[in-house]
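Let's take a walk through this one together. Have the sequence and the model open side by side, and follow along.

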Amino acid sequence: MTNRNKVKGDRFEREHRDFCRENGFPAAERTKAGYERDGGDTHLDAVIGMSPGVISQSKNWAGTNWRAWFADLAEQVANARAEVGFLVVKRRGIGDPGQQLAVMPVREFLVLLRRAGYGQPLEEDAA
């Protein structure tokens, strides 16, 4: 018997991975399910033998559980030894992967903005 939620979640993860590949992250890869130390669903800049810089965790749920999701995301970023991570949250009734929500802690978002040339570097960015 097929688990409908797993099928739905796997499809959402594949669509996200494919969208990332088509939009500047050709090495984006889904991780394998079932690892004891969960490292997120997708590594955007996966390099074999090296830690990813950016990971994402996909959420295709009707409801939200922000507290648990962000706690899990922080653990996954640490497990993957990634620099930043974000949640990809499915919007109901929206099929376009580019119109789903990317949600992340403001601290990590500001890191990305500084790396993109906005704002001023912090001492910790130089380390």
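Is E13 buried or exposed? This is a predicted model, and in it E13 is buried, with a relative accessible area of 12%; the cut-off for calling a residue buried is under 20%. Side chains of opposite charge can pair when their charged atoms come close. E13 has such a partner: its side chain meets that of R30 in a salt bridge, 3.0 Å from N to O. Since E13 sits in helix α1 (residues 4-22) and R30 in strand β1 (residues 29-30), the pair ties together parts that are 17 residues apart in sequence. R30 itself counts as partly exposed, at 23% relative accessibility. Look a bit further around this pair and you'll find that K6 and D10 join E13 and R30 in a network of salt bridges.

How many salt bridges does a search of the whole structure find? It turns up six. One of them links R17 and D18, where the closest N and O atoms are 2.9 Å apart. R17 is buried, with a relative accessible area of 15%, whereas D18 counts as partly exposed at 30%. Another joins E29 to R21, with 2.7 Å between the closest N and O atoms. Here E29 is partly exposed at 38% relative accessible area, and R21 is partly exposed too, at 31%.

Now move along to strand β3, residues 54-59. Six of its six residues are buried, so the strand is largely enclosed by the rest of the structure. Try following the side chains along β3: V54, S56 and S58 point one way, while I55, Q57 and K59 point the other way. Both sets are buried, and that includes the lysine, K59.

What does β3 pair with? Strand β2 (residues 42-43) pairs with β3 in the antiparallel sense, over two bridges. Strand β4 (residues 84-89) pairs with β3 as well, but in the parallel sense and over six bridges. I55 is a handy residue to click on here: it is the bridge partner of H43, and it also stands opposite G85 in β4.

Finally, trace the chain from β3 to β4. Helix α2 (residues 66-80) belongs to this stretch, and β3, α2 and β4 make a right-handed β-α-β unit. So that the pieces stay together in your mind, keep β3 as your landmark: it is the strand that pairs with β4 in the parallel sense and is largely enclosed by the rest of the structure.

Notes:
Residues numbered from 1 in each chain as written. Predicted model: local features only at pLDDT ≥ 70, side-chain atom pairs only at ≥ 80, totals over all residues. Heavy atoms only, no water. Buried < 20%, exposed > 50% of the residue type's maximum accessible area, 1.4 Å probe, protein only. Helix = DSSP H or I, 4+ residues; strand = E, 2+ residues; numbered from the N terminus. Pairing = 2+ DSSP bridges. Right-handed = clockwise from strand over helix to strand, strands pointing away. Salt bridge = Lys/Arg side-chain N within 4 Å of Asp/Glu carboxyl O.
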